[in-house]
Structure formats: structure tokens, C-alpha cells
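Subject: The structure you asked for

Hi,

Here is the structure I promised to pass on. Have it open while you read, and send me any questions.

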Amino acid sequence: MSPPLTQLYINGQWVPSSTGDTFKVHNPYSGDVVGLSSSASSDDCKTAIKAASEAFKTWRHTPLTLRRDIFLKAAEIIQSEKYKNKIMQSVAEETAAAAYWGVYNSMHPVNFLRTQAGSLSLLNGEMYPSGNVPGAQVITRRRPMGVVFAIAPWNAPVALSLRAIAVPILCGNAVILKSSEFSPRSQSVVAELFEEAGLPAGVLNFLSMSPKTTPSLTAEIIANPFVKCINFTGSDRVGKIIATEAAKHLKPCVLELGGKSPVIVLNDANVEEAARVIVSSSMSHSGQICMASTRVIAQSGVTDKLISQVKEIAGSLRAGDVQNDKGVSLGALFTEASANNAISAVKDALENGAELILGDVSNRKAVVQPHLLKNVKPGTRLWDKETFAPVLSFAVVDTIDEAVDLANASEYSLSAALWSNDIWSAQDIATRINSGYTNINGPTVHSEASDGLIGLGGPSGYGRFHLESFTHKCVTVIHPLGRKLPLVG
């Protein structure tokens, strides 16, 4: 059988590239071709932007209740066996993900879509008396921006594509969604879902591009005068490129980038529960999650017990062919180059005094087994840079102040966790950790659907997937007649 073809979705129609160009999508573990994808041309991009700008003229004036109903319908549809099976299959084939990760991509969107639909009241305007002009009334409204360019990654292809488009569309914008070249079929499901839910043609357009053409076409789309805002989820390296292109045209960005999430475990913590949760947050999807736990900072009183239990649990996990081997729970990394980079960072840490607790310091093509290291230091690549692999570092401290300082010894600020049985003290300590999210006695891999992730700048990005990010706050002032003015009385 020939591999399935993913087409472009422009102005309500599934179409091939205008040039007929396609590119291959490979399974990261086997290397097999699991799909073909249409590769958008410059003309396709312009056609999609034109369709979005025309659709925006009408969509921006649609009743909020209609938008809500479409999202609730989408939440209902995605629960069907048709969509569950479609998502499970495509995510497994394109990203070599284990079954639980396919389940996450099919089930997480349900609550997310419903939560977003329930947030529409935040678009209601305000009316209040003027503080400057007696008798005047001020009316504020949130108005959509126009065409939003959304770029979503491969690692949670359905969930993160929905996040990229949901709030902009709810706000009344039209969207161009660009998929990753690694997961176009999985991400195209989002366009199919909203088409079935009744979203008007042109409000959402889906483009995929080959790795060769992506840089130039992305810059071209950002430069297009009809595109008013960009959101991007991915690495800080690419985020800098996106931000630079947007800055050339003074266009706002929402950037959700990398993470190097610290976990502080205090002497009074529930070590058994902490170990279980740490393994889940560091090893799920082979560590290819921006919120993954990567740095454990343990007080000396619990270090030995904690490391022993984490090693026991992580040592029972095996990476490999998750589709065909029931004893395997971790898939391959998304490229062999990513695996090479992770092992190189492990070697660098060992050369700088770290101790290997678990792992063989090698990779088999894109497969990396779980690795645990102790006494990893700031200044090494393993501490400083996002690894995106099943690799976990431990550092040992005596005091809470030392733990906080080490947690903050990073440019990243996306997510953190803190373990202590003293909840009141933990709340105070949490305020000292430089992180948009701090989970007390919970996983770093957690965010609330109503708030989303919050990078505090730098390589974790900035901006939020909130209504305020995809609307302009506009003010109307109704002035009383006959008031005295300078020069004219």
C-alpha cells in the first residue's frame, strides 16, 4: 500500500500543492516512510492568507454563542471512535509515541475545548464613567486582530495544534496553521475536526511545508501585511528566528519555548510519591515534553532514598519499538541527531565530575534508554540546555536556600515542582522559584486549561495563549455636549 497523503486545507477545501510537490514523513524508530505530505508553495501561502483575510471580515462579527457552539461540537466529535483511532494511529506512526501519548492527544483536547468555550465571557466589554470628563462614559471592547499565523510542533501534535488555533479563533481571528514537517497528518486532524464541527471556510487554513522550503516561506508569511500576529511553540533556537522575523515588521508574538524544569525535594517530602511522579514527568514521551522534569534538587536527608527509588522505577523502563514490542514503554526520539545530542550532553556532564547512576551512555540510532546522573553542575550542557530525552540529573543540597538558588540557576522558567509535607511553607518557597508554574507535590508536566503555560522570558518564551494576546483593547468615549474646551470656550 502507498503511504497516506496529507493535503493542504485552504478556504474550506482539501487541495494538493499548486506545484504538486510533496515530501516524505518517516517513523523515527524504523525509518519507514509512513506518509506523504503536500508541500505548500509561495502561491499556496498567499491563497491561504487571502482566504483567511476574507473570512475574517465575516467571522469577526459572528455571535459569541455561535463560536461557543462550534467549539463544544468539536469537543463532542473528537471523542468519537473515528477520531480516537485516527489520532492514535497517526501520532504513533509519525512520532513513534507510545499508546498512552496517543490517548493524551485524543483526550486532552476535550476538556481544553470546553474550557475555552466557557471563557468567552471574558470578551464582554466594560462601561464606566470617565475619570477625566464629567458626564462622559467610557466603553472598552476586545477586538480581534485579523489573520494569526500559528506554528505548532510535533511532540504533542494534536493537543498543541489545538492550543495554537483555539483562542485566536474564539476571539474572532482567522488562522493559518503551519504543521511540523514531522507530523503533518496528525496536525491536519485539527482542520478536519473543525470543518466537521461547522467552522466557516477560510477561518482555519492548514499548511505543511518541506524542511527545505519552511524557512523562506515562514518568513514570507510573517512579512505578509494581512498577518497581524504570530504564535509559535517549539525550541528557543527557532523561537529566536521567529521573533527576529516578526520584529522586522513590528508584529506581536506569543512564544512558548523550551524548559529545564527543576524539582525540589525537601527532607520532609513523601519520597515514595515524589519518586513515582518524577519518573513520570522525566520519562514520559521519552522526555520530549517542554515541561519534563530534568533537574532534581534534593536535600541531603532524602537524597539516597530518593535516588534509589527513582533508579528502581526508571530502570524498569525500556525504550525501543513501542508499536510492536509490549515490553517497551518509551519510543525513539524524533531524530537520530537529537539522540546524538543527548548522549553528547551526558558525556560532557561525566567529564565534568557527574556520576552515572543509570544508563549505558549510548544511543541506537534514535533510541536512548533512561539515564540518571548525580552531581550535575550548572555550566554543563546537561544542566544548562534543554535535552529533550529521557535523561534526569540530580543535585544535592543541605538547605532550602541552596535548593532555590540551584532551581533558579537556569535561563528557563516554564515549569517547576516542589515536594514537602509542610504545605504552608511550600507555598512561600514556591514564590521564590523563577517559574511560570510551580506544582507543589505534583508533576512538572502540568498546566491548567484556563491559564496555559507561562514563560517568564528568555528561552522559555513570553506571552500567553490568552484572549488578551489575540485581541486589541479598544476604547470608545461618549462625550457630553456643550462642555468647555481650550481656545473655543
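Below is what turned up, starting with a strand and moving on to the empty spaces.

One thing to keep in mind: this is a predicted model.

**A strand on the inside**

Let's begin with β20, which covers residues 415–419. Five of its five residues are buried, so the strand is largely enclosed by the rest of the structure. You can check this on both faces: Ser415, Ala417 and Trp419 point one way, Ala416 and Leu418 point the other way, and all are buried.

Which strands does β20 pair with? One is β13 (residues 261–265), which runs parallel to β20 over three bridges. In that pairing, valine 263 stands opposite alanine 417. Another is β21 (residues 437–440), joined to β20 by four bridges, again in the parallel sense. Here alanine 416 of β20 faces threonine 438 of β21.

To see how the chain gets from β20 to β21, look for helix α14 (residues 423–430): together the two strands and the helix make a β-α-β unit, and it is right-handed.

**A small sheet**

Now have a look at an open sheet of three strands, in the order β6-β7-β23, with antiparallel pairing. The edges are β6 (126–129) and β23 (471–478), each of which pairs on one side only. From one strand to the next, the twist averages 25°. If you want to zoom in, β6 and β7 (residues 137–144) are joined by four bridges, and tyrosine 128 has valine 138 in β7 as its bridge partner.

**The pockets**

How much space is there in the largest pocket? Its volume is about 1,200 Å³. Its lining counts 42 residues, and the closest to the centre are Gly234, Ser235, Arg237, Val238 and Phe334. The elements that give two or more residues to this lining are α7 (214–223), β11 (227–233), α8 (236–248) and α11 (336–351). Of these, α8 gives the largest share, with seven residues. Sorted by class, the lining has 20 nonpolar, twelve polar and ten charged residues.

The second largest pocket holds about 800 Å³ of space. It is lined by 39 residues, and Tyr104, His108, Met291, Ser447 and Glu448 are the closest to its centre. Two or more residues each come from α4 (99–117), α5 (157–170) and α9 (271–283). Helix α4 provides the largest share of that lining, eight residues. By class, this lining divides into 19 nonpolar, 15 polar and five charged residues.

**The cavities**

How many cavities of 30 Å³ or more does the structure hold? There are four. The largest cavity has about 70 Å³ of space. Its lining is made of 15 residues, and nearest the centre you will find Pro262, Arg295, Tyr412, Ser413 and Asn434. Two strands you have already met come back here: β13 and β20 are the elements that give two or more residues to the lining of this cavity. By class, the residues around the largest cavity are six nonpolar, seven polar and two charged.

If you only have a few minutes, I'd start with β20: look at its buried residues, then follow the chain over α14 to β21, and finish at the largest cavity, where β13 and β20 both contribute to the lining.

Cheers

Conventions. Residues are numbered from 1 along each chain as its sequence is written. This is a predicted model: local features need pLDDT of at least 70, side-chain atom pairs count only at pLDDT 80 or more; totals for chains, interfaces and linings use all residues. Side-chain values use heavy atoms; hydrogens and water are left out. On a 1 Å grid over the protein atoms alone, a cavity is a set of points where a 1.4 Å probe fits but cannot get out, and a pocket is an open set with protein on both sides within 12 Å along at least five of seven lines; lining residues have an atom within 4 Å of a point. Grid points are joined across faces, edges and corners, and a volume is the space filled by probe spheres set on the points. Ala, Val, Leu, Ile, Met, Phe, Trp, Tyr, Cys and Pro count as nonpolar, Asp, Glu, Lys and Arg as charged, and the others, Gly among them, as polar. Two strands pair if DSSP finds at least two bridges between them. Axes are lines fitted to C-alpha atoms, for helices over the stretch in contact, and angles run from 0 to 180 degrees between N-to-C directions. Buried means under 20% relative accessible area, exposed over 50%, partly exposed in between (1.4 Å probe, protein chains only). A crossover is right-handed if, with the strands pointing away from the viewer, the path from the first strand over the helix to the second runs clockwise.
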